[in-house]
Amino acid sequence: MYIPKEFRHENKEEQLAFIAAHPFGLLLCNGSSVPETTHLPFTSEQFGETILLHSHLSIANPQARLLKNGERVKVVFTGPHAYISPELYDKAQNVQTWNYAAVHVSGVCRILPET
């Protein structure tokens, strides 16, 4: 995802706080022809520089069959968003936009044994 540098926030504490405030994420992995996705609640914890995300995906979910230990995945967390009208700008030469906040986390999947 393209993020202009003036909107980029790379502070890990801010990112973890965002995830804690908006824990319902979208898990993405490669499918056979299109990316596969599932909306899931997540918890997070940090150990030094390592951040762990925890969730539960039902074995009945078709995406569960695609996930393997060591596979690269992405989780997207979204927060507040709103339409911004061009009428709100000082200049007349502006277009509408949509402001939003999101955190994208890329990492490696680890499947825990059933308990």
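Biologist: In this predicted model, which residue's side chain meets that of K12 in a salt bridge?

Modeller: K12 belongs to helix α1, and its partner sits in the loop between β3 and β4 (50–54), 37 residues apart from it, so the pair links distant parts of the chain. K12 is partly exposed, with a relative accessible area of 29%, whereas the partner counts as exposed at 64%. With 3.1 Å from N to O, the residue whose side chain meets K12 is E49.

Biologist: How many salt bridges does the count come to?

Modeller: Besides the bridge of K12 and E49, the side chains of E10 and R8 meet in a salt bridge, with 3.9 Å from N to O. In that pair E10 counts as exposed at 59% relative accessibility, while R8 counts as partly exposed at 40%. The count of salt bridges comes to two.

Biologist: How are the elements of the protein chain ordered from the N terminus on?

Modeller: The protein chain has one helix and six strands. Helix α1 covers residues 12–21 and strand β1 covers 24–29, with H22 in the loop between them. From the N terminus on, the order is α-β-β-β-β-β-β.

Biologist: Is the protein chain more spread out than a compact globule, or less?

Modeller: For 115 residues the globule rule gives 13 Å, and the radius of gyration of the protein chain is 17 Å, which is well over that value. Along its principal axes the C-alpha trace spans about 60 × 35 × 20 Å, and buried residues make up 21% of the 115 residues. Because the radius of gyration is well over the value from the rule, the chain is, compared with a compact globule, more spread out.

Biologist: Which class, stacked, tilted or edge-to-face, fits the pair of F42 and F77?

Modeller: The structure holds two aromatic pairs, and in this one the ring centres are 5.6 Å apart with the planes at 80°. The pair links distant parts of the chain, since F42 lies in the loop between β2 (36–41) and β3 (43–47) and F77 in strand β5 (residues 72–84), 35 residues apart. F42 counts as buried at 9% relative accessibility, and F77 is buried too, with a relative accessible area of 0%. As planes over 60 degrees apart fall into one class, the pair is edge-to-face.

Biologist: What is the angle between the planes in the pair of Y83 and W98?

Modeller: Y83 lies in strand β5 and W98 in strand β6, so the pair ties together parts that are 15 residues apart in sequence. Y83 counts as partly exposed at 45% relative accessibility, and W98 is partly exposed with a relative accessible area of 46%. The rings lie 6.2 Å centre to centre and form a tilted pair, the angle between their planes being 55°.

Biologist: Which residues make the nonpolar surface patch of about 500 Å²?

Modeller: W98, in strand β6 (residues 97–108), is one of them. Patches are made of residues with over 30% relative accessible area, and W98 has 46%. The residues that make this patch are M1, Y83, W98 and Y100.

Biologist: Leaving aside its neighbours within four places in sequence, which residues is H22 in contact with?

Modeller: H22 is partly exposed, with a relative accessible area of 25%. The C-alpha atoms of H22 and F42, 20 residues apart along the chain, are separated by 9.0 Å. Beyond its sequence neighbours within four places, H22 is in contact with F77, T78, G79 and P80.

Methods: Residues numbered from 1 in each chain as written. Predicted model: local features only at pLDDT ≥ 70, side-chain atom pairs only at ≥ 80, totals over all residues. Heavy atoms only, no water. Patch = residues over 30% accessible without salt bridge, like charges linked within 9 Å, V, L, I, M, F, W, Y side chains within 5 Å. Areas by Shrake-Rupley, 256 points an atom, 1.4 Å probe, with all protein chains shown as cover. Salt bridge = Lys/Arg side-chain N within 4 Å of Asp/Glu carboxyl O. Helix = DSSP H or I, 4+ residues; strand = E, 2+ residues; numbered from the N terminus. Buried < 20%, exposed > 50% of the residue type's maximum accessible area, 1.4 Å probe, protein only. Phe/Tyr/Trp six-rings, centres within 6.5 Å; stacked < 30°, edge-to-face > 60°. Contact = heavy atoms within 4.5 Å. Rg over C-alpha atoms; globule rule 2.2 N^0.38 Å.
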